[in-house]
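Reader: I'd like a close look at one part of this one, the place where the two chains meet. Could you walk me through it and then show me what lies around it?

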Amino acid sequence: MPTITIFQDDLESLLTVDRGAGRGITVAQLEDWLMLVKGELKGHNPETGELRIELQDSNRPDLWCCEGIARQIRIKQQGRLKPYSFFAKKPKSPHHLIVKPGMEQVRPYIAACMARGYRVTEKGLAQLIQTQEKLADIFGRKRKTVSIGVYQLRNITFPVTYELVKPDDVRFTPLGMETTMTLSEILMVHPKGLEYGPILAVKSLLPILRDAKDQPLSFPPIINSREIGEVRVGDNELFIEVTGTDLAMVILSLNIFAANLADRGASIEPVEIQYPTSTILGKRVKTPQDLGKPKTIQIKTIEQALGQALGETVVKQALESYGYGLSAEKGSVKAKLPPYRHDLMHTIDVVEDVAMSRGYAEFTPVMPAQFTVGGLSAIEQLSDRSRELMVGLGFQEIISNILGSPDQYSGFMRLHGTEWGRTVDVDNVMSLSFSCLRQWMLPSLLRIEAASSRAFYPHRLFEAGDVAIPDGAHELGSRTETVLGALIAHATTHFSEIHSSLDVLFYYLGKEYSLEPVQHPSFLEGRAGRILVSGKPVGVIGEVHPEVLERWQIVMPVVAFDVNLSQLVS
Amino acid sequence: MDISALIDSLHPLEINVLTTLGLRPPETALGSEQLARAAELEPSQLSMAVEWLLAKSLITVQTETVTPIVSLTKIGVEYYQTASPIERVLAAARDATGTGKRLTIPDLQAQGGLDPSDVSKAVGRLKKEGVVLIIQGGCVETTGRQSPTAEALRTLLGEMRDSPKELKSFTEAHRQVIEDFAVKRGNAKEPFRVDDRVARSFTLSPDGVSAAAQLLRQGVVEEVSQLTPDLLKDGSWRQKRFRKYTISLRPPRIGAGKKHAYREFLDTVKAKLVSMGFQEMRGALVETEFWDMDALFMPQFHPARDIHDVYFVKDPSHTTALDEPFLSRVAKVHENGEETGSTGWGYSFDVHRAKRLVLRSQGTAVSARTLAAAPDIPGKYFSIARCFRYDQVDATHATDFFQVEGIVLGEDINFRTLLGLLNLFAREVAQAKEVKFLPAYFPFTEPSVELHVRHPRLGWMELGGAGLFRPEVTLPLGVTVPVIAWGLGLDRMAMVALGIHDIRELFTDNLELIRTTRGLF
């Protein structure tokens, strides 16, 4: 999940409520605190104070920024979250944003607010942009479900309108450009238009955000206007909007932004969104808005999951110092997530927060007492026994990739277009070298032989491992089976040498086998056999065809066998 | 001294000399030449053998005689072929006297090929013998007397022209001449050289006597390089000597029959899990989105279900059937939580999407199927499942890899027993005594824990993740007891233990690397 860059002095100042408390954090202290946010310190530059932190929890986008990390630590230190006043239901906001009909077909939801009184610093701006990018990119699935715009508030006249326009009816100068462009030009020419244009399925009507003077603010979710939508160092009045396809996610993203700016000293003023038809939150939706609903949780449930009797007080304290809003009841707690979180799907999510708030080190490990009998599967036992025997026969074990190329698995083997040459192929191929699964073992062995002509001879190689054999009758379209392949290469090797090895192997596996001549393109005719056990084919053996060796650029005679161990088990 | 051990270490040449001496009556001493003849050895072979035996104190030097031997130098051969300076001076002097010419020392020196020093030495010698006189004016004149030196030199040069002679074979007078005309330090221009020839005779030492006796008792043994069945069958190996090897050399390499180091590691984990009471589960490489994700309460809009995260199967693209009542129950739980007490995800569940076939993306899919198949309660299950991720392959990302996962079901399962289980894994799998539990996030568990351990050799590492399955997962599948879901991240531990830094090397095609990887965990 996301890795962000923050600065130590910025983090320290966000931690400092009464001056001095967060100054001079040590790395050890920081790593300790990062356990509260599932964060891992990936890099630390003591000179610049730059910290690179990876945040693991993909359901906690509020933590993907300096403000969020600082907030979680601060709450722990202070014992509870100081409520944000702007989430209060009243009073009504005097600033309106009107959503015109038709948006529900394209990008239905929007949330917005204003932030005054925080003067944007250079580092603050970098953090603002980073948060915007991480939220839109990861939480917003590359702007598909959520995208965010930040603007200079002083140039905007309310009410703002969110509506659809024809692609060539509106033009403005987008960020990163010098001249005005129409929306269709942006889609065709602007880098962001090319990157995010595909999100807009219908190209005949496109979303636009304009103020009361018809000035375009932005073309969501593509690009902002350069005149209004470019925040600079020194600005102290901002307008923030979030558009998207999921109302809860849109509001949550705005809540996170509002809380972040509030933590930096801004006073947040909500905006009322006026929809043409009712949403799940009504027709008029004031944003930011606390969507959290209290959930009653039995103390016993938490104790059971954690395996430790904690009691009401401890649980309450743990949750409160992790940011929850609480009201206690007998034997249970009524817990509500803070407004910048929306990840409570199940009681078990609260359980983890209790454990994290207290610290995992607070819990003494206990060995599971239950008795169980261990054991290997029948195929693994057979595979292990075969491997032991092959080692005893003087063969060196190898391991190979299972994902390889059709050239190696079929083409080089002269199997192209034959039943033996069929493989399970990848649809979304990244590289031809890794585009199908091996259907037998011999190519894996020849891969080593081809690369190892300088290693002293003789070469005796084997591998036991999985292959995928296409099978239309199987519900997965293929069977995964365990195969043993072996190869001998040296100047005077011949069929009977590998036959002897096979003979010994089958003797000790306790399997009666016979060979019948087979015309297999990978082997010399008249020197290849199908291995039969109880009349059922279980593999092939033979002298590898010189043309196969040529294709692999091997200049040493090779004899080999390939035995399907799965067929021997059943 | 251990005679047998000594005998084993003897070279055939040494054995030859020892037995040659051993066959003679006790204390017989043989000179080098006699010995070489008797043992039928070349002088160089004999001299090697003798030196080795002396070093081993198996023979001793009985006598050592020094004989001076005279031989001609290169100059001596020259004098023999032409004339020595004294002969030439004498001849010139006789000639002058006979013809009445004056002959001075400088005249003699002017004659070709004579050194002034040779001339003065010859004149001095002849004068002393009264053969010549130096008359007034520095002229040389003969007296008519014979020169014993010149005659002796001529005789000696003639006698030694073919071979050197012992000094003592010459007369006293000749010996004096030889001494006067022999190469000495500081005077190499002389016709004779006198060398000392050392002749030693050898006899067996007491140890040598025992060794020779034992060797003779054993009889003559033939050296062979290989013990053969024939040698064993007829017992003739007793008469053979086996050539000794230089055993300190590195041996030739052989290819061993060996398990793959990574599989060996997974085998030990497997054995540990079985010993802890876990039963193995198996699953298919191809799975439906339903079992891979829907049943695990991952909403259909979850980012990990994106086309860029999961491999979809081409043909057939969908399963023909999904088991009821699981499909309807899971669908409802996604939509509104149904009777699980959950709010659900609040979207409309797409059954067609649930039927989509994918390459198994997580081992938890195997656990989900087990939950639906009336598992034992209490019960413990594990699987080592190959999973596929839609990742660019690089040093830290593999496209398919093993996931070690499982579940524990039971009435006594809760957060603390979850921690207890993780403690057990830490101890059994990573031999770790120190552990850390960190809050974690997985879509299907709550609470969730990440397990970090301090491995005794490899240091702190994340060993795995676990949690209690959400009721939204267990209840629709018919399980009413709490269930732990756990997974061990073993790739990193294996890589550190195998000393590799690239995850692709776990499945390397380099046979040399596979052969030489020890895999000590």
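Author: Let's start right at the contact: chain B puts in 77 residues and chain A puts in 76, where two residues are in contact if their C-beta atoms, placed from the backbone, lie within 7 Å. On the chain B side, the largest share is eight residues, and they come from helix 18 (residues 415–430) of chain B. Helices here are DSSP runs of H or I with at least four residues, strands are runs of E with at least two, and both are numbered from the N terminus. Sorted by class, the side of chain B that touches chain A has 37 nonpolar, 21 polar and 19 charged residues. For that sorting, Ala, Val, Leu, Ile, Met, Phe, Trp, Tyr, Cys and Pro count as nonpolar, Asp, Glu, Lys and Arg as charged, and the others, Gly among them, as polar.

A quick word on what you're looking at. This is a predicted model, so to speak of a local feature takes a pLDDT of at least 70 and side-chain atom pairs count only at pLDDT 80 or more, while totals for chains, interfaces and linings use all residues. Residues are numbered from 1 along each chain as its sequence is written, and chains are lettered from A, with ligands numbered from 1, in the order in which they are written.

Now chain B as a whole. Chain B carries 21 helices and 17 strands. Its radius of gyration is 53 Å, well over the 24 Å that the globule rule gives for 521 residues, so chain B is more spread out than a compact globule. (That radius is taken over C-alpha atoms, and the rule is 2.2 Å times the number of residues to the power 0.38.) Along the principal axes, the C-alpha trace of chain B spans about 155 × 65 × 45 Å. Of the 521 residues in chain B, 40% count as buried; a residue is buried if 20 or more other C-beta atoms lie within 10 Å of its own, exposed if 12 or fewer, and partly exposed in between, with C-beta atoms placed from the backbone. If you take contacts in chain B between residues at least 6 apart in sequence, 68% of them join residues at least 24 apart.

The domains of chain B are domain 1 (3–64 + 199–218), domain 2 (74–190) and domain 3 (262–516), with bounds that come from an automatic or database domain assignment. The centres of domain 2 of chain B and domain 3 of chain B, taken over C-alpha atoms, are separated by 115 Å.

Zoom in on a helix pair in chain B. Helix 2 (residues 12–22) of chain B packs against helix 4 (residues 43–55) of chain B at about 85°, with the axes 9 Å apart. Axes are lines fitted to C-alpha atoms, for helices over the stretch in contact, and angles run from 0 to 180 degrees between N-to-C directions. Helix 2 and helix 4 of chain B are therefore roughly perpendicular to each other; under 35 degrees counts as roughly parallel, over 145 as roughly antiparallel, 65 to 115 as roughly perpendicular and the rest as oblique. Helix 2 of chain B brings B:Leu13, B:Glu14, B:Asn16, B:Val17 and B:Leu18, and helix 4 of chain B answers with residues including B:Met48, B:Trp52 and B:Leu53. By class, that contact has eight nonpolar, two polar and one charged residues.

In the loop between helix 4 and strand 2 (59–72) of chain B you'll find B:Ser57. The phi of B:Ser57 is near 60°, a positive value in a residue other than glycine, and B:Ser57 is exposed, with 12 other C-beta atoms within 10 Å. Further along, B:Glu446 and B:Pro447 are joined by a cis peptide bond with omega about -5°, and B:Pro447 sits in strand 15 (residues 445–455) of chain B. Most residues other than glycine have a negative phi, and most peptide bonds are trans.

Over in chain A, there are four stretches to know: domain 1 (3–78), domain 2 (85–285), domain 3 (295–361) and domain 4 (378–569). The C-alpha centres of domain 1 and domain 2 of chain A lie 28 Å apart, and twelve residues of domain 1 of chain A are in contact with eleven of domain 2 of chain A. Chain A has a cis bond to look up too, from A:Thr287 to A:Pro288, with omega near -5°.
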